[in-house]
Amino acid sequence: MGVNTVHIVDDDPAVRDSMALLLATESFDVRTHASAREFLAATTPHDTGCVVTDVRMPEMTGIELLHEMNEHRPGMRAIVVTAHADVPLAVEAMKLGAIDLLEKPFDDDTLLTCVRGALAQMNAQSARQAETQTIEERLATLTGRENEVLGGLLKGQPNKIIAHELGISVRTVEVHRANVMAKMQARNLAELVRMALVVPGQRG
């Protein structure tokens, strides 16, 4: 299931069909589920997408589903729908990671705006994670000495200081620096620093 997938979780078939028809006309990949347990059985922890879930459902409520999603569906974003909105419910849903809470009845544009926003947020996070993974893979190709030179560069040290601290020649630092730039595929020092800062715990 991809980044354009929207799951509708509601025990009312008329509501499910209505929302599914609306979202399908906007080219979303729509999946419907009659209960929270049915949704969990049909998806995996690796799936991504947006979940539009009712709050009041038999067996497992929408709030209970949010708890499950936090534990087992980290790649998904949730929009909570209820006919009985109140402040404590809204606060609890938001604390559990819900993107929005829609009170029935709501218009089509409101639902579409919420779904697009949830997917955009999820896609941005996925892009950041992919970038971090790529940078980590490039960092892993650096030799020990290249890592030391990178550490000096991230401290803002000029080649001469790096050479002095490492006990090597300036020319050797220049060679290692060029290798670091090439392996990291950085066009300039500013881009190299930005890449390094993307990785949690990177030296600097």
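Modeller: A word on terms to begin with: a residue is called exposed when its relative accessible area is over 50%, buried when that area is under 20%, and partly exposed in between. Please also keep in mind that this is a predicted model.

Colleague: Thanks! With that in hand, is Gln185 buried or exposed?
Modeller: Let's place the residue: Gln185 sits in the loop between α8 (170-184) and α9 (189-198). The cut-off for being exposed is over 50%. Gln185 has a relative accessibility of 52%, so the residue counts as exposed.

Colleague: Which residues does Gln185 touch, leaving out those up to four places away in sequence?
Modeller: Glu148 is a useful reference point for Gln185: the two are 37 residues apart in sequence, and their C-alpha atoms are 18 Å apart in space. The residues that Gln185 touches, beyond four places away in sequence, are Arg138, Glu191 and Met195.

Colleague: Let me step back to the whole chain. What pattern does the protein follow along the sequence?
Modeller: The secondary structure comes to 9 helices and 5 strands. Reading along the sequence, you meet them in the order β-α-β-α-β-α-β-α-β-α-α-α-α-α.

Colleague: What radius of gyration does the protein have, set against the globule rule?
Modeller: The C-alpha atoms fill a box of roughly 75 × 35 × 30 Å along the principal axes. For 204 residues the globule rule gives 17 Å, and the protein is well over that, so it is more spread out than a compact globule. Its radius of gyration is 24 Å.

Colleague: What share of the 204 residues is buried?
Modeller: Let's begin with the outside: the protein exposes about 10,700 Å², and carbon and sulfur atoms supply 53% of that area. For the inside, the cut-off is a relative accessible area under 20%. Residues that meet this cut-off make up 42%.

Colleague: How far apart are the mean positions of the positive and negative charges?
Modeller: The protein has 20 positive and 28 negative charges. Taking the mean position of each set, the distance between the two is 14 Å.

Colleague: Which element gives the most residues to the largest nonpolar core?
Modeller: That core has 20 residues, and Phe39, Leu65, Leu66 and Met69 have the most contacts inside it. Two or more residues come from each of α2 (36-42), α3 (62-72), β4 (76-82) and α4 (87-95). The element that gives the most, with 4 residues, is α3.

Colleague: Met69 is on that list. Which residues does Met69 touch, not counting those up to four places away in sequence?
Modeller: In soluble globular proteins, nonpolar side chains tend to be buried together. Met69 is one of the residues with the most contacts inside the core. Beyond four places away in sequence, Met69 touches Phe39, Val51, Pro74, Met76, Arg77 and Ala78.

Colleague: Which elements do the buried residues of α6 pack against?
Modeller: Helix α6 covers residues 144-154, and its buried residues are Glu146, Val149, Leu150, Gly151, Gly152, Leu153 and Leu154. These buried residues pack against α5 (108-139), α7 (159-166), α8 and α9.

Colleague: What is the C-alpha separation of His176 and Val149?
Modeller: His176 is found in helix α8, and at 17% relative accessibility His176 counts as buried. The residues that His176 touches, beyond four places away in sequence, are Arg145, Glu146, Val149 and Ile168. Along the chain, His176 and Val149 are 27 residues apart. Their C-alpha atoms are separated by 6.9 Å.

Colleague: And how far apart in space are Leu119 and Val6, C-alpha to C-alpha?
Modeller: Leu119 is in helix α5, and its relative accessible area of 5% makes the residue buried. In sequence, Leu119 and Val6 are 113 residues apart. In space, C-alpha to C-alpha, the distance is 8.7 Å.

Colleague: What phi does Ser27 have?
Modeller: Most residues other than glycine have a negative phi. Ser27 lies in the loop between α1 (13-25) and β2 (29-33) and is exposed, with a relative accessible area of 58%. Although not a glycine, Ser27 has a positive phi of about 70°.

Colleague: One last thing: what is omega for the peptide bond from Lys104 to Pro105?
Modeller: Most peptide bonds are trans. Pro105 lies in the loop between β5 (100-103) and α5. The bond from Lys104 to Pro105 is cis, with omega near -5°.

Key. Residues are numbered from 1 along each chain as its sequence is written. This is a predicted model: local features need pLDDT of at least 70, side-chain atom pairs count only at pLDDT 80 or more; totals for chains, interfaces and linings use all residues. Side-chain values use heavy atoms; hydrogens and water are left out. The radius of gyration is taken over C-alpha atoms; the globule rule is 2.2 Å times the number of residues to the power 0.38. Buried means under 20% relative accessible area, exposed over 50%, partly exposed in between (1.4 Å probe, protein chains only). Accessible areas come from the Shrake-Rupley method with a 1.4 Å probe; for residues, only the protein chains shown count as cover. Lys and Arg count as positive and Asp and Glu as negative; His and the chain ends are not counted. The place of a charge is taken as NZ of Lys, CZ of Arg, CG of Asp or CD of Glu. A nonpolar core is a set of buried Ala, Val, Leu, Ile, Met, Phe, Trp, Tyr and Cys residues joined through side-chain atoms within 4.5 Å. Contact means heavy atoms within 4.5 Å.
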